[in-house]
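Please look over the structure shown here before reading on, and follow the chain slowly from one end to the other. The paragraphs below go from a few particular residues to the chain as a whole.

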Amino acid sequence: MIGTIVSLIALQPVWTSPAPEPIPLWYIEVIDGDGLRGEMPDGTKVEIRIADIDAPEKGGVGAAIGGAKCERERVLGFKAWGQLEGFLEGKSVTFLPVGHMSGDRIVSRVIADHMDVGMYLSRVGPSKHWRHTEDGKPIDDRASWCH
């Protein structure tokens, strides 16, 4: 009986969907240390938040939107912005949406010349790895940049 069940299971077709294709991104503008905007091949403009990293804010201390919590964070925010801009310069960039939004930004894995941009940025700092669930809820607390 067990052999029959195993045989039947072995005969079941395995259906897998193909892995999604990365989407090319052109005319890239770096917004901050974990965000960019660009244009897809069809002309659609998109804003992207790089998945699984947190970068310091570069906005003015105390600003309502995008503001740093202290001057140290603001300085680090400009450093993170410069690192992302420098890293992407001259590279072929693609993105893969991960299935949720962060404000108006599509949370995505970003790849530059076959390298995961989020992994690179969290390795060189000041950006840090920031884990999330599949539906976008943070697992870790956001980094504190002010100490």
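**Unusual backbone angles and the overall fold**

In this predicted model, D113 sits in the loop between β6 (105-112) and β7 (115-116). Although D113 is not a glycine, its phi is positive, at about 45°. How exposed is the residue D113? Its relative accessibility is 36%, and because exposed means over 50% and buried means under 20%, D113 counts as partly exposed.

A positive phi also appears in Y27, a residue other than glycine, where the value is near 50°. Y27, however, belongs to a strand, namely β1, which covers residues 23-32. With a relative accessibility of 66%, Y27 counts as exposed.

Another backbone feature can be found at the peptide bond that leads from G125 to P126, which is cis and has an omega near 5°. P126 itself is placed in the loop that connects α3 (117-124) with β8 (128-129).

Stepping back to the chain as a whole, one can count 3 helices and 8 strands, and reading from the N terminus these elements follow the order α-β-β-β-β-α-β-β-β-α-β. The chain has 147 residues, of which 34% count as buried, while its accessible surface comes to about 9,300 Å², with 58% of that area belonging to carbon and sulfur atoms. Finally, when contacts between residues at least 6 apart in sequence are considered, 50% of them join residues that are at least 24 apart.

Notes: Residues are numbered from 1 along each chain as its sequence is written. This is a predicted model: local features need pLDDT of at least 70, side-chain atom pairs count only at pLDDT 80 or more; totals for chains, interfaces and linings use all residues. Side-chain values use heavy atoms; hydrogens and water are left out. Helices (H or I, at least four residues) and strands (E, at least two) are DSSP runs, numbered from the N terminus. Buried means under 20% relative accessible area, exposed over 50%, partly exposed in between (1.4 Å probe, protein chains only). Contact means heavy atoms within 4.5 Å. Accessible areas come from the Shrake-Rupley method with a 1.4 Å probe; for residues, only the protein chains shown count as cover.
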